[in-house]
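These exercises go through strands, sheets, a buried residue and a contact between two chains. Work each one with the structure open, then compare the solution.

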Protein chains: 2
Amino acid sequence: MANLTIVGTTPRKVDGVAKVTGSAKYAADFNLPGLLYGKIKRSSHAHARIVSIDTTAAEALPGVKAVLTFRDVPAIPHAGAPAPREGGLVADQLILTGQPLFVGDGIAAVAAITEEIADEALGLINVEYEPLPTVFDPVLAMQPDAPRLHQTEQNLVMPPVHIQHGNIEQGFAEADYIIEGVYSTGRPHPAYMEPNACTCHFDGDGKLTIYSSTQCAFMVRGILSQVLDIPLHKVRVIVEHMGGGFGAKQDLYQHEFVCALLARRAGRPVKMEYTRYESFVGSKSRHPVTVNLKQGVKKDGTLTARQVKYVSNTGAYASHGPGITWVGCEDLSSLYRCGNNYWADGYSVYTNNPIAGAFRGFGGVQAFFALDTQMDEIAHRLGMDPVDFRLKNAVGEGDASPSGHLLNGDALAACLRRGAEEVDWYGRHNHPQPAEPHRKRGWGVGTEMHSSGAFPAIREQSNAVIKMNEDGTVTLLVGIADLGTGAQTAMAQIAAEVLGLPFDRIRVISGDTDVTPFDIGAYGSRTTFVGGGAVFKAAQELKRQLLELAAAKLGASAAALSIRAGRVFVDADPRQGMALAELVKGEGGQSPRTLIASATHEAEVAYSFAAHFAEVEVDTETGQIEVKQVVAVHEVGRAINPKGVEGQIEGGIQQGIGHTLTEDLVVDPRTGRALNASFVDYKMPLAMDMPRIKTIILEVSPDIGGPFGAKGVGEDPIMAIGPAIANAVHDAIGVRFTELPITPEKVLRALRQKEKMTGSK
Amino acid sequence: MANLTIVGTTPRKVDGVAKVTGSAKYAADFNLPGLLYGKIKRSSHAHARIVSIDTTAAEALPGVKAVLTFRDVPAIPHAGAPAPREGGLVADQLILTGQPLFVGDGIAAVAAITEEIADEALGLINVEYEPLPTVFDPVLAMQPDAPRLHQTEQNLVMPPVHIQHGNIEQGFAEADYIIEGVYSTGRPHPAYMEPNACTCHFDGDGKLTIYSSTQCAFMVRGILSQVLDIPLHKVRVIVEHMGGGFGAKQDLYQHEFVCALLARRAGRPVKMEYTRYESFVGSKSRHPVTVNLKQGVKKDGTLTARQVKYVSNTGAYASHGPGITWVGCEDLSSLYRCGNNYWADGYSVYTNNPIAGAFRGFGGVQAFFALDTQMDEIAHRLGMDPVDFRLKNAVGEGDASPSGHLLNGDALAACLRRGAEEVDWYGRHNHPQPAEPHRKRGWGVGTEMHSSGAFPAIREQSNAVIKMNEDGTVTLLVGIADLGTGAQTAMAQIAAEVLGLPFDRIRVISGDTDVTPFDIGAYGSRTTFVGGGAVFKAAQELKRQLLELAAAKLGASAAALSIRAGRVFVDADPRQGMALAELVKGEGGQSPRTLIASATHEAEVAYSFAAHFAEVEVDTETGQIEVKQVVAVHEVGRAINPKGVEGQIEGGIQQGIGHTLTEDLVVDPRTGRALNASFVDYKMPLAMDMPRIKTIILEVSPDIGGPFGAKGVGEDPIMAIGPAIANAVHDAIGVRFTELPITPEKVLRALRQKEKMTGSK
């Protein structure tokens with residue numbers, strides 16, 4: 001690996017120019033001739049039965065070309081997403097419903113020649129509701145007398161998750177102290193720049209082409225095929241470019257079904273693009289989770305037991321709820337050892353809130369906020385330094401990971417040590433405080449680990465096809481779409497590195513189900529790890545073919561040849577050799593030598609780790625928390641594209657700051673209406689809100705299953721920043737916050753409370 | 001082969017519904033946002049030097065977005081087409097030229113916001129020409145004092161073709177009679193329904209996408225890449241549907257270069273679509289050829305020697321001229337034996353006519369018109385029946401083919417015998433003549449052979465990739481575009497047959513250079529033979545993978561399994577087995593088993609044969625020839641899709657009737673202007689002009705290299721009909737026509753001449 005020339009560098013992103021020049025086409029940019037605009041009529045009740053629905057006026061409106069209600073669409077329950085773990089596939093959602101379960105649930109749809117007419121037509125659909133009782137709090141929803149959403153026991157999506165290792169009672173008995181706490185998180189929304197959108201078109205032969213902003217093109221193909229009753233080879237899903245997904249776009253949405261059905265009904269292409277409001281309420285937020293966490297610890301700082309109750313509010317439909325509860329419960333078994341005495345109960349609960357779904361961090365954000373906050377509390381109780389306490393219990397070589405796999409290397413400790421060094425952790429309290437007495441400065445640390453891929457829930461598999469062109473350039477076909485993360489660039493780097501080609505000789509085609517091999521999708525920090533692994537293998541096979549061909553032409557054995565900069569060299573005599581274009585081109589104008597390779601890559605799991613060190617200033621007069629600087633140390637195995645990794649880390653920190661301090665989709669508990677579903681009212685951190693960030697990438701524990709040792713890094717950066725900030729706030733003002741987001745109101749209220757208790761400011 | 005269930009049947013064409021419903025998109029149907037319309041300014045002189053060209057007024061016209069003259073485009077000579085035979089690649093054409101060589105040569109181009117503005121702008125380009133001397137007749141062009149078009153000796157495109165076998169003098173010495181004749185053919189035009197067209201678009205990253213009506217997507221990619229200096233992986237050529245090509249669209253055209261350059265210059269997509277006039281003069285016609293043919297024959301009808309002079313008028317540029325002259329000279333060495341005493345000289349001559357190029361039959365149409373007409377003459381001279389005389393000399397088992405390969409089977413004799421039986425050949429003169437005395441009825445026979453693929457000129461190779469979808473459907477990726485011939489349907493049949501799948505489970509994607517493997521193109525009767533062979537092999541490999549997987553699941557050896565109707569069966573116990581969808585689907589919602597196979601197929605050559613029997617009625621008062629019926633017997637090895645084969649045969653007969661009786665693009669020998677470049681003046685046979693046709697498909701000589709034994713059939717049907725009609729006309733009125741087309745004027749003139757000579761009507 002010493003001789004890497006392209007992996008580990010940051011070439012220009014392959015889609016960079018297309019994006020900055022505006023030529024990149026997103027799902028809503030395919031303005032096909034005869035295009036109609038589709039809109040969904042959404043329930044104004046959080047729980048109701050539709051008594052009657054009258055579309056006469058809407059249908060009569062000039063320009064309206066199709067109207068569908070829940071009565072006109074196949075009543076096939078589907079899972080918004082596949083949850084491959086056994087029993088995890090909960091098909092509880094209809095395309096359009098006659099019994100809406102949240103404010104925003106789709107009940108009807110129209111297609112019209114303009115968006116305005118479509119909107120007007122929605123208003124002309126007359127709906128008579130019979131309101132039904134609602135429940136918004138998951139704890140209340142589990143009560144016997146709570147209204148039932150899906151006729152499941154206790155409104156649980158699935159039977160409770162239970163994970164048990166060792167002997168929890170004995171573990172607590174061994175402890176000198178037992179610490180308990182309740183930690184809860186808000187309902188932030190991914191708020192991707194590109195709202196959910198798709199454009200559907202049936203050709204004369206009944207073949208559906210759908211341009212969709214989805215992380216999982218093949219999954220959209222599969223579910224649409226089933227629900228619309230079209231074979232797979234007559235459904236083509238195309239994802240040319242995407243403006244973010246963050247997990248929420250790994251589900252299928254009502255608009256994708258509805259758009260296809262409207263297109264079929266109208267006999268014309270239909271486009272649907274969510275408004276920002278729809279994106280907030282009709283898409284998926286993060287699950288608000290309450291973690292009851294109880295740990296036992298010895299005086300010397302050794303954790304002896306951990307018990308968890310993880311209650312997740314999945315909203316009106318299951319989506320990824322069950323998986324997220326599993327992952328949350330699994331994650332808490334690791335990161336810090338607990339004498340292997342572990343007990344977790346997880347509950348994924350239906351409520352009449354908008355749907356929560358997959359979101360960067362997938363259950364781990366909530367879990368590690370609880371664990372890492374409590375780790376800080378325990379360190380303080382024990383009088384130990386929080387970093388030292390963490391180091392004492394940090395998982396490492398030979399410890400069990402959440403999935404049960406044994407870890408190799410001491411990546412977490414390395415992150416903690418490197419970060420502590422970088423921020424002068426042990427001298428942090430010698431730094432001066434701000435001059436203004438109402439501004440308090442503090443430092444905190446947060447940590448996390450995350451799996452690359454979803455093994456064992458999903459047996460990870462990706463595929464790649466690679467074609468050599470006759471001028472020595474290469475076309476690479478991969479099924480994983482690029483959400484905007486730079487995945488295509490990383491894929492091109494991996495192929496170029498393996499093949500010994502200049503980077504710009506690789507062209508990646510992705511996100512087109514007709515032409516690329518199957519891929520389950522871009523999520524779970526799997527793209528580079530699993531998808532990149534398939535590219536690595538396919539490129540190796542192509543290289544083998546090239547060397548075999550070169551060996552015959554150069555009269556040398558393939559083993560005695562290498563490829564560098566697009567040229568095959570005889571190792572023993574580098575003057576001998578030939579350009580790849582020369583090698584594959586047809587002689588005398590003949591057809592070129594056609595070289596094509598495909599590979600299936602199956603991966604298990606790898607774990608990336610991070611420690612974030614955050615410095616905050618709390619304004620005790622306004623309650624405002626300002627994050628001043630973050631040092632983020634990530635162990636990633638191998639950074640294929642270091643700037644890409646940095647970008648993920650910085651983006652994750654930004655998103656994590658939002659979740660920690662400001663972002664929360666507030667639902668009115670009387671009506672079920674979202675109260676801040678707009679960028680005016682829903683506050684995301686902007687550039688001016690960002691701290692100075694230093695990212696430090698460690699490559700101390702490369703994974704043998706990842707390309708060049710690479711592990712995933714997409715989700716990690718959002719997970720450690722929350723506890724780091726919360727712990728820094730405690731460091732600054734001595735208040736422990738266990739409920740996210742930590743808004744100024746909460747800070748001020750806590751300070752007033754503290755003042756009352758202690759009589760001091 | 002006894003158990004074929006899909007090959008040999010005629011399922012619904014895979015593109016049929018898309019075409020009849022109008023949803024199929026052709027090259028000019030991609031109306032991209034911001035689209036401009038491109039037009040070419042064409043020379044009004046057949047040979048001139050441009051003294052000055054002023055585009056000021058054109059550029060000033062509102063709506064004009066780009067103007068290019070020959071001075072603004074790269075002066076890279078290119079071959080309109082690749083002619084892979086050594087020395088056959090003649091790069092003699094410029095993108096736009098300052099020294100036009102025919103009326104219609106491109107000298108400048110514009111792109112504007114409407115077609116009308118573009119047309120108007122062309123008129124505003126001021127060109128001052130210095131006329132240069134012209135030559136239109138190839139014999140004159142070969143004279144020492146003729147004007148030179150390309151500074152080649154005698155205006156020859158290449159040194160003369162010379163083919164020599166045996167001892168020609170000895171062959172003639174052995175003969176009892178020597179027969180000589182001169183046979184010449186006209187300048188018919190393919191006149192495909194879809195005029196030449198393309199749409200070009202550069203994305204922000206400089207990647208060119210071109211939707212083109214081309215038979216050779218990868219060739220267009222290759223040549224555009226070179227001339228525009230863009231690497232191959234940044235040029236994407238897409239051919240979704242085509243409205244015919246017939247060989248003429250296997251060249252690159254000025255409009256394809258110009259369109260790309262205009263798009264680059266304007267920074268907007270540009271579409272160019274030839275008018276019908278442009279299609280006639282700016283595209284490629286068939287080569288007018290004069291064949292001097294001399295044969296020796298013994299009294300018993302044994303041919304002893306054949307000598308050929310083949311002079312081909314290639315027009316202003318080489319295009320496929322050299323290849324066509326080669327094939328014409330090669331073809332005449334076979335079909336009928338000549339004691340292996342053969343001598344041919346071929347001349348491909350530049351003149352100031354519009355360019356002639358590849359066209360269904362590729363040199364053989366002209367050759368076999370000469371040979372088969374003379375065969376008839378000799379039979380009459382010897383007093384032998386024309387079929388018996390042909391049977392005596394017909395090539396068969398062990399004889400040399402034009403390419404030198406030895407033939408297997410007696411396919412020609414089989415065609416002759418089957419046709420003679422069908423039409424009651426030996427009793428034909430007992431049939432009553434028409435009641436009207438001025439209508440004369442006669443029967444004639446014509447024969448031909450044609451190679452599938454262009455081996456050895458081209459080392460034939462095709463590629464296919466085949467993907468199994470998780471519902472048991474299959475997506476097949478092939479590089480060959482479907483010109484409208486039904487190739488995709490045949491490919492799907494081959495794959496379905498090999499895989500044991502119902503036909504409608506296969507979806508073919510073709511004609512997209514980014515996503516399919518390389519293919520040289522759809523021409524030379526190679527598509528089913530070579531391309532289908534690649535599909536056959538790829539499907540076999542996929543089947544192997546499926547059976548291997550099934551063997552593991554069913555606990556049986558792969559050899560003990562078979563697949564029928566989409567289901568794997570244990571041969572010994574058909575109750576055991578599973579559906580393919582079951583076999584490949586992921587268990588418990590997991591990713592499916594991804595199966596993908598690719599294959600490269602290299603083929604040599606196969607020969608198909610045909611005998612056409614035509615009955616005509618000649619009206620001696622009007623000179624009109626009416627073809628009453630045709631019996632066409634074709635030996636094709638294996639008819640993958642019998643209706644498709646019939647369609648090719650019927651279409652070839654229609655086109656051949658046109659060439660024989662009416663079609664000829666007439667060029668004024670004073671000005672070089674085409675006089676009938678419109679469908680008003682250029683007469684193609686319409687439905688009402690068509691005879692009753694009976695097609696008989698023989699499968700007596702399957703080729704081991706072709707899928708299921710199939711050989712090509714695209715070109716054959718146009719080759720035997722010409723001599724069959726000419727010989728029938730002789731049978732009807734006793735006049736031998738040796739110059740095509742046989743127009744009413746020629747018939748009347750010949751009848752008057754005959755009357756003068758014999759004093760009788």
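**Exercise 1.** Find how strand S1 of chain B is joined to strand S4 of chain B.

Solution. Strand S1 (residues 36-42) and strand S4 (residues 106-112) of chain B run antiparallel, and six bridges join them. Helices (H or I, at least four residues) and strands (E, at least two) are DSSP runs, numbered from the N terminus. Two strands pair if DSSP finds at least two bridges between them. For one position in this pair, look at B:Lys39, which stands opposite B:Val110 in S4(B).

The model is a predicted one: local features need pLDDT of at least 70, side-chain atom pairs count only at pLDDT 80 or more, and totals for chains, interfaces and linings use all residues. Residues are numbered from 1 along each chain as its sequence is written, while chains are lettered from A and ligands numbered from 1 in the order in which they are written.

**Exercise 2.** Place these strands of chain B in their sheet and find its edges.

Solution. Step one is the order: the open sheet has seven strands, S3-S4-S1-S11-S8-S9-S10 (chain B), with mixed pairing. Step two is the edges: strand S3 (64-69) and strand S10 (235-238) of chain B each have a single partner strand, so one side of each is left without a neighbour in the sheet. Step three is the twist: on average, neighbouring strands of this sheet are turned by 20 degrees against each other, direction ignored. Axes here are lines fitted to C-alpha atoms, for helices over the stretch in contact, and angles run from 0 to 180 degrees between N-to-C directions. Last, helix H6 (residues 217-228) of chain B packs on the sheet, where it touches strand S9 (208-212) and S10 of chain B. The direction of H6 makes about 150 degrees with that of S10(B). Contact means that the C-beta atoms of two residues, placed from the backbone, lie within 7 Å.

**Exercise 3.** Describe the sheet formed by S19, S20 and S21 of chain A.

Solution. The three strands form an open sheet in the order S19-S20-S21 (chain A), with antiparallel pairing. Strand S19 (561-564) and strand S21 (573-579) of chain A are the edge strands, each pairing on one side only. S19(A) is joined to strand S20 (residues 567-570) of chain A by four bridges, and A:Arg564 stands opposite A:Arg567 in S20(A). Across S19, S20 and S21 of chain A lies helix H14 (residues 527-554) of chain A, at about 120 degrees to S19(A).

**Exercise 4.** Is A:Phe369 buried or exposed?

Solution. A:Phe369 lies in helix H10 (residues 364-382) of chain A. A residue is buried if 20 or more other C-beta atoms lie within 10 Å of its own, exposed if 12 or fewer, and partly exposed in between, with C-beta atoms placed from the backbone. A:Phe369 has 31 other C-beta atoms within 10 Å and is therefore buried. Beyond its neighbours within four places in sequence, A:Phe369 is in contact with A:Tyr183, A:Thr185, A:Gly722, A:Pro723 and A:Leu740.

**Exercise 5.** Work out how chain A and chain B are related.

Solution. A rotation of 179 degrees with 0.0 Å of shift along its axis superposes chain A on chain B (RMSD 0.1 Å). That is the relation of a two-fold axis. Copies are superposed by least squares on the C-alpha atoms of residues with pLDDT of at least 70 in both. The same surface serves both copies: 98% of the contact residues of chain A recur in chain B. The contact takes 50 residues from chain A and 51 residues from chain B.
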